[in-house]
Structure formats: structure tokens, C-alpha cells
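Work through the exercises below with the sequence and the model at hand. Each task is followed by a solution in steps.

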Amino acid sequence: MKSVINRATVLVLNRNWQAINIRTPAEAFCQMATGVATALEIEGEDHIRPVQWDEWIRLPIREQDTPVYTVRGPIRMPTVIVLANFARVPKKRPKLCAKNIRDRDGNRCQYTGALLKPDEGNVDHVVPRSRGGKDAWENCVWSSKAVNSRKGNRLPHEAGLRLLKAPRAVPELPVTALIRNADGIPDWDPFIREK
């Protein structure tokens with residue numbers, strides 16, 4: 001049963017019921033047992049009830065639940081927990097990846113201004129990695145494949161190119177905006193509104 005615990009995820013809410021993190025069931029059980037968090041018993045959006053650890057370990061296992069087997073018998077694995085004393089919503093910068101660079105640059109080549117289809121562009125390192133350029137928001141731009149190929153391992157001015165604007169890091173966002181329900185867990189739906 002250990003494999004189920006390791007691959008399952010638990011949504012973590014702050015005390016205002018805003019999604020702020022994802023944890024493993026083992027971490028969620030530790031937080032529940034120590035009183036740091038309370039689990040939510042969820043039966044649709046109309047029936048959501050906080051349940052303390054002492055009651056949680058006695059709840060019956062329903063058909064839709066994943067049980068964790070212990071020496072005391074099976075315990076229902078939580079899908080959502082609420083932290084008792086944490087109210088903030090931390091901020092985090094989206095990860096540096098081609099999709100996020102393309103989104104930041106509006107799907108436009110940052111050398112020509114041409115609007116590109118997703119498969120017509122790729123990430124260009126303004127200062128090439130071979131010349132010490134870093135994988136950083138401030139050194140990566142969306143470029144047409146043809147322009148990027150022409151630029152090669154040169155600096156923009158060496159290739160006769162000029163950036164339309166200096167690349168900048170995207171702003172940090174509340175982590176609530178970055179959490180996705182990749183596994184399609186129905187109990188998460190009331191707390192995560194996907195784009």
C-alpha cells in the first residue's frame with residue numbers, strides 16, 4: 001500500500017480555505033495527528049465538513065475512498081486538509097519554461113515582432129549558454145526558429161539583431177493561481193478554479 005501513499009496527493013488549504021500547497025498523504029497524516037491541520041470530509045460541494053484526527057481515524061471507508069492500512073485497521077486517506085494557524089497565501093514565480101516564456105512575450109518574436117504559432121518559435125538565450133548565458137527570465141526570449149537559427153551562438157548585435165524590449169522576469173503570483181488538479185480529484189474542485 002506504500003505505493004498508493006507515495007503517488008497520491010493531498011490539497012492543502014490555509015485557514016481561510018484557499019489552496020496553497022500539495023502534500024503527500026504521509027505528510028498530511030502527520031499534520032493531522034499533531035493538530036497542525038484538519039481534514040475535510042467532502043461529499044459534493046454542498047457537504048464539506050472539517051474533521052479532527054481522532055474522529056478521522058474512525059470514519060468508515062467509502063467506495064470512492066483510498067484506504068491506508070495500519071495496525072489499527074484501514075484509515076481513509078484525506079484529499080484536502082486545512083491548516084489551523086496559517087492564513088497567508090504565499091507567492092511564487094511561475095517556472096521558467098518555453099510555454100511561460102512564450103506567454104510572457106505574447107507569442108511574438110522578440111527580434112522581429114512577428115506573431116508566431118506555437119510551433120514556429122522557440123526559446124533564444126540572448127547571451128548564448130556557450131558564452132556564459134544563464135537560464136534566466138532576463139536572458140530568455142521567444143524567437144522565430146529562423147531568426148534563432150540565424151543568430152546561432154552570437155550576441156544579438158553580432159547577428160545584426162536587436163531586441164524589441166529587454167526581457168524581464170514575470171511577476172510572482174499567489175500560489176493559489178499556480179496549483180492545478182492534474183489528477184482530476186473531484187474533492188479539489190470547490191477550491192481550485194482552473195483557467
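**Exercise 1.** Find the residue of E7 that is the bridge partner of threonine 38.

Solution. In this predicted model, threonine 38 is paired through a bridge with valine 82 of E7. The strands concerned are E3, residues 37-42, and E7, residues 80-83. They run antiparallel and are joined by 3 bridges.

**Exercise 2.** Place E3 and E7 in their sheet, and state which strands stand at the edges.

Solution. The sheet is open, has 5 strands with mixed pairing, and follows the order E2-E1-E7-E3-E4. E2 (19-23) and E4 (48-51) each have a single partner strand, so one side of each lacks a neighbour in the sheet; these two are the edge strands. Ignoring direction, neighbouring strands are turned by 35° against each other on average.

**Exercise 3.** Determine which strands helix H2 lies across.

Solution. H2 covers residues 25-33 and lies across E1 (10-13), E2, E3 and E7. Relative to E7, helix H2 runs at about 40°.

**Exercise 4.** Classify aspartate 46 as buried or exposed.

Solution. Aspartate 46 is located in the loop between E3 and E4. Its relative accessibility is 82%. The cut-off for exposed is over 50%, so aspartate 46 counts as exposed.

**Exercise 5.** Do the same for aspartate 124, then give its side-chain polar contact with lysine 151.

Solution. Aspartate 124 belongs to strand E9, residues 121-125. Its relative accessibility is 3%; buried requires under 20%, so aspartate 124 counts as buried. The side chains of aspartate 124 and lysine 151 make a polar contact at 3.3 Å. Beyond its neighbours within four places in sequence, aspartate 124 is in contact with residues including Tyr111, Asn139 and Lys151.

Definitions and conventions
Residues numbered from 1 in each chain as written. Predicted model: local features only at pLDDT ≥ 70, side-chain atom pairs only at ≥ 80, totals over all residues. Heavy atoms only, no water. Pairing = 2+ DSSP bridges. Helix = DSSP H or I, 4+ residues; strand = E, 2+ residues; numbered from the N terminus. Axes fitted to C-alpha atoms, helices over the stretch in contact; angles between N-to-C directions. Contact = heavy atoms within 4.5 Å. Buried < 20%, exposed > 50% of the residue type's maximum accessible area, 1.4 Å probe, protein only. Polar contact = N/O pair within 3.5 Å; in protein donor to acceptor, adjacent residues only side chain to side chain.
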